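Me: I would like a close, careful look at a single part of this model, the surroundings of the ligand. Please then add whatever salt bridges and contacts help to place that part in the rest of the chain.

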Amino acid sequence: MSAEIFSKVHGVLAALQAEKIENAVDLEAFRIKYVGSKNEIKALFGEIKNVDNDRKKEFGQLLNDVKQEAEEKYESYSVTLEKNVNSRVVSDMDLSAPCQPVSTGSRHPVSVVMNRIINIFERIGFTVAEEREIEDDWHNFTAMNTPEDHPARDMQDTFYLKDSTSELLRTHTSSVQARIMTSQKPPIRIIAPGRVYRNETISSRSHCQFHQVEGLYIDKGVSFADMKQTLLYFAREMYGPQTNIRLRPSFFPFTEPSAEMDVFWGLNNDDDYRITKGTGWLEILGCGMVDPNVLINCGIDPEEYSGFAFGMGIERQAMLQFKITDIRQLFENDTRFLKQFSGVI
Ligand code: PHE
């Protein structure tokens, strides 16, 4: 009689040892069978009355061992499965199942061009500075040596905040120059990408909002030659290693001397004639040596430091690179238009 009951217990032990636990469902089944309130081992304790007296102790010992083994196995699998919750147990997954199509969207062409520009300048040690779009008149104009009666300050050109004559939407990223120069000490080497606003009539060629990337380099002994070489490097990274540039004298209140930079685009077809107005040259940016008045306004000694600055529009470069003919498409967020740029980085 005893032998039969003993072998029953050994059978349960062998079975629980052989039990495969690969996921939460298996674990729960194991719990109910061997650990839960109505488990099989408990039922075996009831058999003790049928065991011969001289083997009762041995039987009790055996059952306790089986019980302990069940509990330990349950505990250890609970911990392992818990660990696997995030990485999921492989056997839970059907690796042959077809995947759900995921729509990843695409980068906006303005971001694509902006990121390319940022990358090019980051490689030569410029860091990105981002500042506010709602500016005050001092950072946007006064500090930048733009006098009170300058036409750019006119309501016709600048969006002022309601009922304010001093708070405005920045008209250029040059306001970031003032923000940085008043808060950091030279050497300063930053680029400032961002959105700017001007009160212009919206057409296929101009918009009341657009993007610029500003550049500013201030240190001891920075020269016009440094600027020219930096901009040549940029043009060749952006438009190809053979690209040529030219600097034409220009005027900006905040730089002296000032220039506009053109890149040679070529005159190979009708489009080139149209885009370059028959010259082959394309204007890309404005630049110059930071005017000493601007340095003084921002608390930097022009006897000790000099620097150059430049500012370029993004939309026109995006339109050139992607052959977009109407600037308004860049602001409509029509996904049929934007999808064309998926995969472009
Ligand atoms: N802020 C000028 C513009 O918006 C560009 C510029 C920036 C020119 C820095 C010179 C130096 O046209």
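Reply: Helices and strands are taken here as DSSP runs, helices being H or I over at least four residues and strands E over at least two, numbered from the N terminus. The model is predicted, so that local features need pLDDT of at least 70 and side-chain atom pairs count only at pLDDT 80 or more, whereas totals for chains, interfaces and linings use all residues. Residues are numbered from 1 along each chain as its sequence is written, and side-chain values use heavy atoms, with hydrogens and water left out.

The ligand is surrounded by 14 residues, the closest being His172, Ser174, Arg198, Gln212 and Gly311, where a residue counts as near if one of its heavy atoms lies within 4 Å. Sorted by class, this shell holds 5 nonpolar, 7 polar and 2 charged residues; Ala, Val, Leu, Ile, Met, Phe, Trp, Tyr, Cys and Pro count as nonpolar, Asp, Glu, Lys and Arg as charged, and the others, Gly among them, as polar. Strand 9 gives the largest share of the shell, with 3 residues.

At the level of atoms, a polar side-chain atom of histidine 172 lies 3.1 Å from a nitrogen atom of the ligand, and an N or O atom in the side chain of serine 174 is 2.9 Å from a ligand nitrogen atom. Arginine 198 instead approaches an oxygen atom of the ligand, with a polar side-chain atom 2.9 Å away. Of the 330 Å² of accessible area that the ligand has on its own, the protein covers 89% (Shrake-Rupley method, 1.4 Å probe). Two or more residues of the shell come from each of helix 7 (174-183), strand 5 (209-219), strand 8 (281-290) and strand 9 (306-313).

Away from the ligand, asparagine 140 in helix 6 (residues 137-142) is buried at 0% relative accessibility; buried means under 20%, exposed over 50%, and partly exposed in between, with a 1.4 Å probe and protein chains only. The side chain of asparagine 140 makes a polar contact of 2.9 Å with that of threonine 171, a polar contact being a pair of N or O atoms within 3.5 Å.

The salt bridges, each a side-chain nitrogen of Lys or Arg within 4 Å of a carboxyl oxygen of Asp or Glu, number 18 by this rule. One of them joins the side chains of arginine 123 and glutamate 237 at 2.6 Å, N to O. Arginine 123 sits in the loop between helix 5 (109-122) and strand 1 (127-128), and glutamate 237 in helix 8 (residues 224-239), so the pair ties together parts that are 114 residues apart in sequence.

Another salt bridge links arginine 246 to aspartate 262, with the closest N and O atoms 2.8 Å apart. Because arginine 246 belongs to strand 6 (residues 245-252) and aspartate 262 to strand 7 (residues 255-264), this pair ties together parts that are 16 residues apart in sequence. The two partners also differ in exposure: arginine 246 is partly exposed at 31% relative accessibility, whereas aspartate 262 is buried at 2%.

Aspartate 334 and arginine 336 form a further salt bridge, 2.7 Å from N to O, in which aspartate 334 is partly exposed at 26% and arginine 336 is exposed at 67%. Shared partners join Arg246, Arg248, Glu260 and Asp262 into one network of salt bridges.

Notes:
Polar contact = N/O pair within 3.5 Å; in protein donor to acceptor, adjacent residues only side chain to side chain.
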